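Trainee: Could you walk me through reading a structure like this one, feature by feature?
Mentor: Gladly. Have a look at it, and then we will start with some vocabulary.

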Amino acid sequence: MVTYRKSDQILDKNRLQALFSELTQREFTPDLDRINSLIQTGSLFCYVAEEDGEWLGMCYLVPCQTAMTDKLWIEDVVVHSSARGKGIGRGLLEFALEDGRKRFPGCVFYLTSRPSRVAARKLYTDLGFQEYETGVFKK
């Protein structure tokens, strides 16, 4: 049975690396000290989907409080390829969204997704997210 939980600490770099290799083509070496420091200070909330001790998926919520609103950015949503199509991404996001609403009542959730991630984008719209005609700039 798949369970969803907020992780207060990440101890296993290999679990994280295995999931992120599913998300990106570039080499990723997790900096556990940095990630755990962000988690401990409340700058990052980490959510995992697991079954029998194996991580099947994860995502982060990143709070951004401004003068106008509380925003929660959803980042690095990933489900292992062997577990896709089983509702794990939906369950994970529903769990994270519920926890985010409790922590930041009235917050607005944001996320970005590449056009090539067709299944993920369908999930986001199914969960009520709307695509806006805007651009993300990076420097």
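Mentor: A residue is called buried under 20% relative accessible area, exposed over 50%, and partly exposed in between. Keep in mind that we are reading a predicted model.

Trainee: Where does D12 fall on that scale, and what is its partner R15 like?
Mentor: D12 has a relative accessible area of 32%, so it is partly exposed. R15 has 29% and therefore falls into the partly exposed class too. The two form a salt bridge, with 3.8 Å between the closest N and O atoms.

Trainee: How should I recognise a salt bridge, and how many are there here?
Mentor: The idea is a side-chain nitrogen of Lys or Arg within 4 Å of a carboxyl oxygen of Asp or Glu. The structure holds 10 salt bridges.

Trainee: Which parts of the chain does the pair R90 and D126 link?
Mentor: Start with the pair itself: the side chains of R90 and D126 form a salt bridge at 3.6 Å, N to O. This pair joins distant parts of the chain, since R90 sits in helix α3 (residues 88-103) and D126 in helix α4 (residues 118-126), 36 residues apart. For R90 the relative accessible area is 31%, so it is partly exposed. D126, at 42%, is partly exposed as well. There is also a wider network of salt bridges here, linking R90, E94, K122 and D126.

Trainee: What about D99 and R103: where do they lie?
Mentor: Both are in helix α3, four residues apart, or about one turn of the helix. Their side chains meet in a salt bridge at 2.6 Å, N to O.

Trainee: Is D99 buried or exposed?
Mentor: Its relative accessibility is 15%, so D99 counts as buried. Its partner R103 has 37% and therefore counts as partly exposed.

Trainee: Let's move to helix packing. What should I look for in two packed helices?
Mentor: Two packed helices are described by the angle between their axes and the distance between the axes. In this model, α3 and α4 pack at an angle of about 45 degrees, and their axes are 11 Å apart. That angle is why α3 and α4 are described as oblique to each other. The crossing of α3 and α4 is right-handed. G89, R90 and L93 of α3 make the contact with L123, Y124 and D126 of α4. You will recognise R90 and D126 from the salt bridge we discussed.

Trainee: And how do I read a nonpolar core?
Mentor: In soluble globular proteins, nonpolar side chains tend to be buried together. The largest nonpolar core in this structure has 23 residues, and those touching the most other members are Y47, C59, L61, I74, L93, F109 and Y124. At least two residues of this core come from each of β2 (45-51), β3 (54-65), β4 (70-79), α3 and α4.

Trainee: Which element gives the largest share of this core?
Mentor: That is α3, with five residues. For a close look at one member, try L61: beyond its neighbours within four places in sequence, it is in contact with L44, F45, Y47, L72, W73, I74, A96, G100 and F109. There is also a second, separate core of 15 residues, and F20, L23, I39 and M58 are among them.

Trainee: Can we finish with some residues outside the helices and strands? Where is S113 found?
Mentor: S113 is in the loop between β5 (108-111) and α4. At 18% relative accessibility, S113 counts as buried. Leaving out neighbours within four places in sequence, S113 is in contact with A120, R121 and Y124.

Trainee: Is T29 buried or exposed?
Mentor: T29 has a relative accessible area of 54%, so it is exposed. T29 lies in the loop between α1 (13-23) and α2 (32-40). The C-alpha atoms of T29 and Q17 are separated by 6.6 Å, with their positions 12 residues apart along the chain.

Trainee: What does M1 touch?
Mentor: Not counting residues up to four places away in sequence, M1 touches E50 and E51. M1 is in the segment before β1 (3-7), and at 79% relative accessibility M1 counts as exposed. The C-alpha atoms of M1 and A18, 17 residues apart along the chain, are 21 Å from each other.

Note on methods: Residues are numbered from 1 along each chain as its sequence is written. This is a predicted model: local features need pLDDT of at least 70, side-chain atom pairs count only at pLDDT 80 or more; totals for chains, interfaces and linings use all residues. Side-chain values use heavy atoms; hydrogens and water are left out. Buried means under 20% relative accessible area, exposed over 50%, partly exposed in between (1.4 Å probe, protein chains only). Contact means heavy atoms within 4.5 Å. A nonpolar core is a set of buried Ala, Val, Leu, Ile, Met, Phe, Trp, Tyr and Cys residues joined through side-chain atoms within 4.5 Å. Axes are lines fitted to C-alpha atoms, for helices over the stretch in contact, and angles run from 0 to 180 degrees between N-to-C directions. Angles under 35 degrees count as roughly parallel, over 145 as roughly antiparallel, 65 to 115 as roughly perpendicular and the rest as oblique. A crossing is left-handed if the near helix is turned anticlockwise from the far one by less than a right angle, and right-handed if clockwise.
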